[in-house]
Amino acid sequence: MQTNIQGSLRNLSESLGIVLTMSSGKDVNEAAGCEKATAAVLVESVEMPKDVPACRGFDFNKGLDYEGMFKSFITHGFQATHFGLAVNQINQMLKWRLSDEKFDPNTEGEELKDPKVRAKIKCTIFLGFTSNMVSCGNREVLRYLLQHKLVNACVTTGGAIEEDIMKCFHPHYMGDFRLKGRDLREKGHNRIGNLIVPNKNYCAFEDWLKPILGEMLVEQQATVREITLTPKQADKIVLIDTKGGPVVDSEGEGIPCGATIFGLDGKIIACKKAAEVTKILKAAQKAVTVTVSIPGEVWTPAKIIRRMGKTINNPDSCLYWAYKNDIPIYCPAITDGAVGDVVFFHSYKEKGLVIDTAQDIKGINELAMNAPKTGMIILGGGVVKHHICNANLMRNGADYAVFVNTGQEFDGSDSGARPDEAISWGKIKVEAKPVKVYGDASLIWPLLVSQTFVREVESKKTIKIESKSST
């Protein structure tokens, strides 16, 4: 059709050229210019590949069909298409099993030869979200994922930790972006976008957290105990040299793993090798009192968050479900917010609490390194985005990735960087097909979850019902 238009225009130009030629030389030049412009505007098209879909939105004449509408997003164009691609990417994460891949004797152990074993090994999913996701209604959406064990690890910021707990005591309230800061300050009201958080919410959080910090400080301290052992127990005791001395693991005999022996029958001794200690116990032919030093707890942000989830014991809480389902929540910036404020004020009353980040970085990196397949879903940017991406760098990149944020890359920020930049660093695999959805996650995230994780949970319910009916 376009070729026919071009031909018609050329014929018209030629006709005009004849008329204009009869008029003047200037008109001839104008005719030639017209023909040149026509050729420039209507460059002949190369045929589109047959597998490229046409742009088409949802036809509401078919009725109110939400499922059909969401499916149509893939051909809707702009960010709606990116939404559809993100849905596909997350569903691929959920669908993947190790049984989809051939057994590789060079990288996999013999235990992974069994197809049934391979079918149970899933993609390891990392979920990152900034604190505002817990400030808004996305807290309940995030809780759903943790409650149903749909992700393997989370990374967030300090505000998300405190606000999840605060909401167990008092709600956040709806406000307005245009409320005056001066007026709110006088009322003791804090604004997060168009949400309001009264100061009393933070006071309740501080009252709740302070005694927990006191307990943690006590558990951090090393203790000394005297434990009586009999010769019969000698062979059951395993000693491993560490920290300059043996560590006892008695498998239920009452000596905690990690306890360093430094005394026998009230006498201080040099640290003994395993064989020497067991030899003493056997030679004594009687009960021997062993003096041990039991190291205290080494608190990391993830361990603190786990303790908080256990203590709050509230099914509305994200932290509670993460604790219950043993899903680690990593928070490198845990002191950047109300948790840090409480730690600061508590340090004047009881000094010495130490928060170690070294164990957590080892934990998240090894989780990525040991996973046969990984996926990243990151809402927002900053530390949560980079922390997850950097962990996946340790395995030469994630296999799947979905970013949802409003950041732009022109300022060189990691928050705004497109997935392709992460590929250049080795944080996403070269062959991956990552997706970035530009938009507000408070709107996009619930819709994404409805088309992915919720369907996964509901499909399992259907399978259970069908299996029950068949029996």
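**Note on a three-stranded sheet and a surface patch**

1. L64 lies in the loop that runs between α2 (25-41) and α3 (66-72). The model is a predicted one. With a relative accessibility of 66%, L64 counts as exposed, because the cut-off for that class is over 50%. L64 joins F60 and Y66 in a nonpolar patch on the surface. Together, the three residues of this patch have about 390 Å² of accessible area.

2. The second topic is the sheet. Three strands make up an open sheet in the order β3-β5-β4, and their pairing is antiparallel. β3 (173-174) and β4 (189-192) are the edge strands; each has a single partner strand, so one side of each is left without a neighbour in the sheet. In general, strands of a sheet pair through backbone hydrogen bonds, in a parallel or an antiparallel sense.

3. On one side, β3 pairs with β5 (residues 195-198) in the antiparallel sense, over two bridges. Y173 is placed opposite I196 in β5, and M174 is placed opposite L195 in β5.

4. On the other side, β4 and β5 run antiparallel and are joined by four bridges. Here I192 stands opposite L195 of β5. L195 thus has M174 opposite it as well as I192.

5. The hairpin of β4 and β5 has two residues between the strands, and G193 takes a positive phi near 65° in this hairpin. N194 also has its place in the loop between β4 and β5.

6. Is N194 buried, exposed or partly exposed? The relative accessible area of N194 is 28%, so the residue is partly exposed: buried would require a value under 20%, and exposed one over 50%.

7. Which residues does N194 contact, leaving aside its neighbours within four places in sequence? They are Y173, M174, G175, D176 and F177. Two of these, Y173 and M174, belong to β3 (173-174). As for D176, its C-alpha atom is separated from that of N194 by 4.1 Å, although the two residues are 18 residues apart along the chain.

8. The side chains of β5 are split between two directions: L195 and V197 point one way, whereas I196 and P198 point the other way. All four are buried.

9. Helix α10 (residues 199-220) lies across β4 and β5. The helix runs at about 50° to β5.

Technical notes:
Residues numbered from 1 in each chain as written. Predicted model: local features only at pLDDT ≥ 70, side-chain atom pairs only at ≥ 80, totals over all residues. Heavy atoms only, no water. Pairing = 2+ DSSP bridges. Contact = heavy atoms within 4.5 Å. Axes fitted to C-alpha atoms, helices over the stretch in contact; angles between N-to-C directions. Patch = residues over 30% accessible without salt bridge, like charges linked within 9 Å, V, L, I, M, F, W, Y side chains within 5 Å. Areas by Shrake-Rupley, 256 points an atom, 1.4 Å probe, with all protein chains shown as cover. Salt bridge = Lys/Arg side-chain N within 4 Å of Asp/Glu carboxyl O. Buried < 20%, exposed > 50% of the residue type's maximum accessible area, 1.4 Å probe, protein only.
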